[in-house]
Amino acid sequence: MAATHKTPGLDITSEERLAQFILKRHKLTPPFDLEVLVRQYADLAYDKVPDGIDGISLFLKRANKKPKIIISSKISPVRQKFTLAHELGHVLIPWHLGTVFSNAANHDDLSTMEEDDEYLAIEAEANSFASELLIPSDWFRKNFSLEKPATNIGQVAQIQGISVDAAMMKIARLTAPGWTIVTLESGLVKRIYRSPGTKGGAHLDGLVDCHRYSKLASERDSTEVMSKKLLAWKFPIAVELPLAPKDHRDWREVLDNILIAAQYNQADKAHVKQSLNGLIGVAYTEVKRDDSQDFGALVWRSLASKDYASKLLRQPDFKIFLAKKLQSLRDKQRS
Ligand SMILES: [Zn+2]
């Protein structure tokens, strides 16, 4: 199965194009003074605003009136910085009119807010503008590896004075396929992002066994910044399975032999079989739905969250088992 992968983050929105145009026009690359840029387009004040609001843009597209931006004086400096870029988006995006109240930094909470679709769309557009303004895609690709997401997020957050979450949201999209990136607070997963082309797998539901992940990942990266721990693992996006294994056993027999060789006890064997069956079924359904997905890689990534996985993946015949199992699923579908 030939998997095609696009260059990360190559599809750009019109708001991102607008941000690129502004940077080019003012000959800016990070780090630059955002306030100086903003003051060319709007009056700016830091003041008290109602709770739950990060910033307000006023007099948008009003004839003979300079727009005004008010940034909440109560929020943290990193949040103020992102909000400022977000409000500049409202000022410059042609169809954002009148007055807009923003909840800019809570990107992930947008979908849960009880607001109308039009408001959500406008907020998402301003965020898209702000992310590209603060982390220009071209600048990022020129200066950072596409394979070190945790390190990059930490560095860019510091260079630009923005939050880890804001940097993470953008940089995950510019990272090579296969990466899962998480932030940890007191050992618990707070946020999880996957780079484009990374699907399924790694079910991180609160507790992460970093040790197990690190053992199964092909590459890993970590950093600590602004009292947050960032971890990233790369799992294969393609696992080559033997095409026509010269092995006359059927998949059940191969699996039984693997389980014996891996020395699971009787109870574990039943559990492993059941769990494997489930995740293989899910992977096969996914591959049927989207044939650019790699069956072996999906199984591999799903196994990353299973405590029995490392013993299993060490068995040389595991790929033969997967190849035979895949064949049997296809035969069943055809009949
Ligand atoms: Zn807004």
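1. Start with one residue pair. Thr-183 sits opposite Arg-191 of strand 6. Keep in mind that this is a predicted model.

2. Next, the strands around that pair. Strand 5, residues 179–185, pairs with strand 6 in the antiparallel sense. The pairing runs over 6 bridges.

3. Now the sheet. Its 4 strands follow the order 6-5-8-7, and the sheet is open. The pairing is antiparallel. Strand 6 (188–194) and strand 7 (219–225) are at the edges. Each has a single partner strand, so one side of each lacks a neighbour in the sheet. On average, neighbouring strands of this sheet are turned by 20 degrees against each other, direction ignored.

4. A helix lies across this sheet. Helix 6, residues 149–160, lies across strand 5, strand 7 and strand 8 (228–234). Against strand 7, helix 6 runs at about 25 degrees.

5. Turn to a helix pair. Two packed helices are described by the angle between their axes and the distance between the axes. Helix 9 (residues 251–261) packs with helix 13 (residues 318–334) at an angle of about 155 degrees. Their axes are 9 Å apart. Angles over 145 degrees count as roughly antiparallel, and helix 9 and helix 13 are therefore roughly antiparallel to each other. Their crossing is left-handed.

6. Which residues make the contact between these helices? Helix 9 supplies Trp-251, Val-254, Leu-255 and Ile-258. Helix 13 supplies Phe-318, Ile-320, Phe-321, Lys-324, Lys-325 and Ser-328. By type, the residues of the contact of helix 9 with helix 13 are 7 nonpolar, 1 polar and 2 charged.

Key:
Residues are numbered from 1 along each chain as its sequence is written. This is a predicted model: local features need pLDDT of at least 70, side-chain atom pairs count only at pLDDT 80 or more; totals for chains, interfaces and linings use all residues. Axes are lines fitted to C-alpha atoms, for helices over the stretch in contact, and angles run from 0 to 180 degrees between N-to-C directions. Helices (H or I, at least four residues) and strands (E, at least two) are DSSP runs, numbered from the N terminus. Angles under 35 degrees count as roughly parallel, over 145 as roughly antiparallel, 65 to 115 as roughly perpendicular and the rest as oblique. A crossing is left-handed if the near helix is turned anticlockwise from the far one by less than a right angle, and right-handed if clockwise. Two residues are in contact if their C-beta atoms, placed from the backbone, lie within 7 Å. Ala, Val, Leu, Ile, Met, Phe, Trp, Tyr, Cys and Pro count as nonpolar, Asp, Glu, Lys and Arg as charged, and the others, Gly among them, as polar. Two strands pair if DSSP finds at least two bridges between them.
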